[in-house]
Amino acid sequence: MNPLPVEATKDADKKASSERITFKMKIMKKMSRKFTLLLMCMSLAIVAEANEVTPQTMFEMAKKEQSAFLDTVQTLVNIDSGTGNKDGLNKIEGILTQRLTELEANVMLEPPRSGVGNIVLGYLQGKGKAKFLLMIHYDTVFAEGEAQRRPFRSEQGRIFGPGVADAKGSLALILHSLKLLNEMNYDDYGTITVLFNADEEKGSFGSRDLIQETAAGHDYVLSYEPPDTDAVSVATSGINYLFLDVTGVASHAGSAPDLGRNAIIELSHQLLQLNDLGNPDKKTTVNWTLVKGGEKRNIIPDRASAEGDMRFSDYSEIERVTNDAQKIIQNQLIPGTQVSFHLQRGRPPLPSNPISKQLAITAQKVYKDIGLDLDITKMHFGTDAGYAYQEGAEKPAVLETLGLVGNGLHSPKEYALLNSIAPRLYLTIALIMELSKHSK
Ligand SMILES: [Zn+2]
């Protein structure tokens with residue numbers, strides 16, 4: 001044995017110990033690198049979890065949601081909420097407010113400009129950029145007592161009850177889509193605003209301004225009127241009201257008919273020549289649907305009037321119809337009568353436009369991911385989608401008929417298809433996720 005001198009031993013110890021420290025540090029460095037990598041992988045996996053849920057998985061989740069969804073629809077259908085039915089609308093408002101609050105949305109109630117039934121607004125804040133407005137009405141066309149007469153029922157693949165498709169199924173679609181997004185911990189959207197109004201069935205006069213203002217701040221508006229086939233709509237019709245008034249001169253029909261100027265005869269003449277104000281190429285229709293005139297059988301009438309219904313999708317048709325009518329009425333039959341025409345604007349159309357078309361194509365694409373075909377249509381009804389669209393603006397893109405597929409609206413035959421529930425829940429969540437992905 002050749003013992004080392006003490007100093008040498010100390011040096012050796014030092015060296016060994018410093019080597020050990022270096023070694024330890026290397027291990028720690030290696031470990032921490034590994035740990036960091038591990039953490040990165042884990043967080044990537046978490047991110048991937050939210051972003052890369054397969055369409056099939058989302059569709060399965062939507063299917064599992066069906067029974068809770070039906071409970072919601074049943075609750076809503078069994079409360080009468082015809083436009084103007086204050087108590088019924090209040091009850092629905094309460095349920096919607098509670099559900100939105102449970103989804104952690106900030107809820108605001110906005111009184112309508114006219115009529116009854118608050119506009120229920122819910123706001124969800126995400127961490128992304130894309131801004132969505134999901135909207136539908138909670139009033140129906142049915143009178144008090146209808147829900148008791150024919151409450152919610154499910155039969156042979158169809159669900160029935162007043163407003164089941166138009167639009168209580170739609171309220172449930174919005175609420176349960178948000179619930180599914182919540183369950184997935186998904187918050188890559190910028191904001192999701194929910195708007196429920198209470199006067200759509202009477203023209204939305206109390207809520208249209210708010211719809212217009214709210215929609216303007218969003219990128220995408222999804223409106224949930226029910227389609228009659230598995231389709232989304234990129235255009236809806238506008239409605240205007242036409243008024244024709246004729247003033248004549250009254251006289252005795254027996255003793256002095258020559259002194260009179262018959263307003264009814266002039267009105268008839270005008271209606272015949274104003275019968276072709278529509279334009280098939282632009283899908284504008286004009287129909288005269290009401291006439292009034294005369295007081296007594298023995299008086300040459302000095303007043304007669306008519307009202308008409310105009311449907312259109314091209315804004316320029318408003319001016320065209322007005323100008324044409326003004327020109328046509330110059331040609332009078334009875335001298336000494338005065339004829340006047342005026343057009344009153346009703347619900348505006350959602351005209352065909354490229355951004356809504358693009359949104360529909362995205363919807364079609366996500367639907368295809370679960371093997372389903374989605375039609376893109378134009379509807380002839382007027383809906384609140386018309387108020388949401390901003391003429392000439394770059395946004396929002398507006399898509400209509402995201403509700404349940406149904407038929408027989410506004411009648412006791414109304415139904416919605418059970419097998420449209422899961423696909424339509426899926427459509428909303430998949431569309432929000434797809435659009436959020438591309439606007440980060
Ligand atoms: Zn409706």
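This is a short tour of one sheet and the helices around it, with something to select at each stop. Keep in mind that the model is predicted.

**Stop 1: the whole sheet**

Start by selecting β1, β2, β6, β3, β7 and β16, because that is the order in which these six strands sit side by side in an open sheet. The pairing is mixed. If that word is new to you: strands of a sheet pair through backbone hydrogen bonds, either parallel or antiparallel. Now colour β1 (106–110) and β16 (397–399). Why does one side of each have no neighbour in the sheet? These two strands stand at the edges, each with a single partner strand, so one side is left free of neighbours. Turn the view a little, and you can look for the twist: on average, neighbouring strands here are turned by 15° against each other, direction ignored.

**Stop 2: strand β2 and its two partners**

Next, select residues 119–125, which make up β2. Is this strand mostly covered or mostly open? Mostly covered: five of its seven residues are buried.

Bring β1 back into view. β1 and β2 run antiparallel and are joined by five bridges. To see one of them, pick Val107, whose bridge partner in β2 is Gly122.

Then add β6, residues 191–197. This strand also runs antiparallel to β2, and six bridges join the pair. Two spots are worth a click: Leu121 stands opposite Leu195 in β6, and Gln125 stands opposite Thr191 in β6.

**Stop 3: helices lying on the sheet**

Show helix α7, residues 208–216. Which strands does α7 lie across? The list is β1, β2, β3 (131–137), β6 and β7 (220–223). The helix runs at about 170° to β6.

Now show helix α10, residues 354–368, which also packs on the sheet. α10 touches β7 and β16, and its direction makes about 55° with that of β16.

**Stop 4: two helices that cross**

For the last stop, select helix α3 (residues 66–77) and helix α6 (residues 164–183). Their axes come within 9 Å and cross at roughly 135°, so the two helices count as oblique to each other. The crossing is right-handed.

Show the side chains where they meet. On the α3 side, look for Ala68, Phe69, Thr72, Val73, Leu76 and Val77. On the α6 side you'll find Val164, Lys168, Gly169, Leu171, Ala172, Leu175 and His176. Try colouring this contact by class: there are nine nonpolar, three polar and one charged residues.

Key. Residues are numbered from 1 along each chain as its sequence is written. This is a predicted model: local features need pLDDT of at least 70, side-chain atom pairs count only at pLDDT 80 or more; totals for chains, interfaces and linings use all residues. Two strands pair if DSSP finds at least two bridges between them. Helices (H or I, at least four residues) and strands (E, at least two) are DSSP runs, numbered from the N terminus. Axes are lines fitted to C-alpha atoms, for helices over the stretch in contact, and angles run from 0 to 180 degrees between N-to-C directions. Two residues are in contact if their C-beta atoms, placed from the backbone, lie within 7 Å. A residue is buried if 20 or more other C-beta atoms lie within 10 Å of its own, exposed if 12 or fewer, and partly exposed in between; C-beta atoms are placed from the backbone. Angles under 35 degrees count as roughly parallel, over 145 as roughly antiparallel, 65 to 115 as roughly perpendicular and the rest as oblique. A crossing is left-handed if the near helix is turned anticlockwise from the far one by less than a right angle, and right-handed if clockwise. Ala, Val, Leu, Ile, Met, Phe, Trp, Tyr, Cys and Pro count as nonpolar, Asp, Glu, Lys and Arg as charged, and the others, Gly among them, as polar.
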